[in-house]
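Q: Got a minute to walk through this one with me? I'd like to begin with the ligand and then move on to the strands and helices.

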Amino acid sequence: MTTPRRVKVLIVGGGPVALLLALLLNRFRVECVLVERNPTTHEHPRARLINARSMEILRVLGLDETIRSLSPGYSEAWASVESIAGGEIARTRPEPDAGQGPSWKCFVGQDDLERALVAVLSQAQHVQMLFATEFVSYEESPDEVSVTTRDCGSGAETTWQADYLVGADGAGSTVRAQCGITLEGSAAIASVVSEYWSADLSSLPVSRDAGGFFVLSKDPVLPPISSVLRDGRDGLWMSMFTTVLAPGSKSRPWDDEHVLEMIRAQLGDPTLGVELRENETWQLSSQVAARYRVGRVFLAGDAAHRMPPTGGFGMNTGLQDAHNLAWKLNAVLRGWAGPALLDTYESERRPIAQSNAESRKLLGVRKFFLVFRRRSSHSQAPCILDTWEPTGRTKSGTERSAFHVMVGQSRIENHPLQDWMLSLQREPLGKGSAIGEQI
Ligand SMILES: Cc1cc2nc3c(=O)[nH]c(=O)nc-3n(C[C@H](O)[C@H](O)[C@H](O)COP(=O)(O)OP(=O)(O)OC[C@H]3O[C@@H](n4cnc5c(N)ncnc54)[C@H](O)[C@@H]3O)c2cc1C
């Protein structure tokens, strides 16, 4: 039996939230260890927007300009198009910097952000970063948390004694499960396939003028709405397709040939050479943890909240959790404040996550309405909502709606998505709105 190692804070996860938390604690000279089960940071961009508040936090660390310099500088406009080579329906206007804060937002792929944070952390004096190391379990006593981690290569286990444990271990958080915290909200609004591919789109001028596209297509191979995002590096793109997966399935429901057909339909030019790189499947959810703290254990980032990506709030909400928690942990560890200060982490951050998750969900709904009310009838796509129809009136007198989930032409009864839509019990948003307005 080896002697347990002693640290002030043990952070589980090596995503953007855990990395930022470690950097902030390092700035306060708080000894901590970070364990990440993967051998490296994530390969794919995932989130792309670092909003103004997150940039202010990076500025505190002197990193805002370093991170901004990684931005590929593409337009932040979203264009709604019939296809990228086809007609443009509408586009969003870039948000002007009103100069109200010291740091304006920027667009940098999450993969680039993570690599940059790791590069700085590798020089940090007070942080030990252990990749290919996973959190196994913890036990709490009045004075500390005893945490077991495992080296993913050798299988060797290590015991740590920490004052506090932070689970920044993502949406499927093991820390959250072990401390018995449940999630509240909609677990599976839909499944999303993120498909990464490369192609030379220089022959399509519009491809240079937007950072993302909503493709509102009549092509039966596509869902009524799908999106294409710039990956940040030249020639790399990501398509997102909403779908319905069999329970427990994590693989995309189409083969490569079909996906190429979908991407070419998005492009509107069947002659363009497209090379598939990789894909990831994830759940579109809107959930917030019932608690952010149990004793000496805290949750941060996706471990504490999951929200639709509309507007880029997921990662940013997590980065801002890390900032709130870091200074409070430091203050309590140094005896400048009593432990009750740590309760304010939940009371301050949870309502923000609730508000962000709810507003992202409603904006997502708006997107669905805008599209489905106009376009679902011709869709052969293997997924999602059909349409809405008046079924009565709520107590407040507003019209209520009924929703159906369709796979191609077949209506799926009792799908969770249907319950979720009904649970909103409100007048559909976006009545009369133009397709393609900012959502
Ligand atoms: C495929 C995909 C696409 C996305 N696209 C977008 C997008 O377009 N826009 C947007 O705003 N957001 C997007 N998101 C969401 C965004 O990526 C997250 O909000 C963000 O990553 C949250 O950061 P995090 O650090 O909290 O968690 P994560 O980035 O999930 O990091 C958690 C880390 O913990 C590690 N871990 C888990 N369990 C253990 C364990 N037991 N021991 C050790 N390590 C563990 C995981 O390996 C992971 O690296 C996407 C998410 C996914 C999955």
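Q: Okay, which residues come nearest to the ligand?
A: This is a predicted model, to say that up front. In it, G13, G15, G170, G301 and G314 come nearest, out of 30 residues around the ligand.

Q: And which elements give two or more residues to that shell?
A: Those are α1 (16-27), β8 (133-140), β15 and α7.

Q: How does the shell divide into nonpolar, polar and charged?
A: There are 11 nonpolar residues, 12 polar and seven charged around the ligand.

Q: You mentioned β15. What does β15 pair with in the antiparallel sense over two bridges?
A: With β18; β15 itself covers residues 275-289. For a specific pair, take V288, whose bridge partner in β18 is H305.

Q: What's the strand order in the open sheet of eight strands?
A: The order runs β5-β4-β12-β13-β14-β11-β15-β18, and the pairing is mixed. The edge strands are β5 (88-91) and β18 (305-306), each pairing on one side only.

Q: Switching to β10: parallel or antiparallel to β1?
A: Parallel, over seven bridges, with β1 at residues 5-12 and β10 at residues 157-167. V9 has Y164 of β10 as its bridge partner.

Q: And β9 with β10, parallel or antiparallel?
A: Antiparallel this time: β9 (residues 145-151) and β10 share six bridges. T148 sits opposite T159 in β10.

Q: How many residues lie between β9 and β10 in the hairpin?
A: Five, and G155 in that turn has a positive phi of about 80 degrees.

Q: What about β10 and β17, how many bridges there?
A: Three, in the parallel sense, with β17 spanning residues 297-299. Here L165 stands opposite V297 of β17.

Q: Helices now. How do the axes of α2 and α7 cross?
A: At roughly 40 degrees, and the axes come within 9 Å; α2 is residues 52-60 and α7 is residues 314-333.

Q: Why call α2 and α7 oblique?
A: Because angles under 35 degrees count as roughly parallel and 65 to 115 as roughly perpendicular, roughly 40 degrees leaves α2 and α7 oblique to each other.

Q: Left-handed or right-handed?
A: The crossing of α2 and α7 is left-handed. On the α2 side the contact is made by R53, S54 and I57, and on the α7 side by N316, L319, Q320 and H323.

Q: And what's the character of that contact, nonpolar, polar or charged?
A: A mix: two nonpolar residues, four polar and one charged make up the contact of α2 with α7.

Definitions and conventions
Residues are numbered from 1 along each chain as its sequence is written. This is a predicted model: local features need pLDDT of at least 70, side-chain atom pairs count only at pLDDT 80 or more; totals for chains, interfaces and linings use all residues. Two strands pair if DSSP finds at least two bridges between them. Helices (H or I, at least four residues) and strands (E, at least two) are DSSP runs, numbered from the N terminus. Axes are lines fitted to C-alpha atoms, for helices over the stretch in contact, and angles run from 0 to 180 degrees between N-to-C directions. Angles under 35 degrees count as roughly parallel, over 145 as roughly antiparallel, 65 to 115 as roughly perpendicular and the rest as oblique. A crossing is left-handed if the near helix is turned anticlockwise from the far one by less than a right angle, and right-handed if clockwise. Two residues are in contact if their C-beta atoms, placed from the backbone, lie within 7 Å. Ala, Val, Leu, Ile, Met, Phe, Trp, Tyr, Cys and Pro count as nonpolar, Asp, Glu, Lys and Arg as charged, and the others, Gly among them, as polar. A residue is near a molecule or strand if its C-beta atom, placed from the backbone, lies within 6 Å of it.
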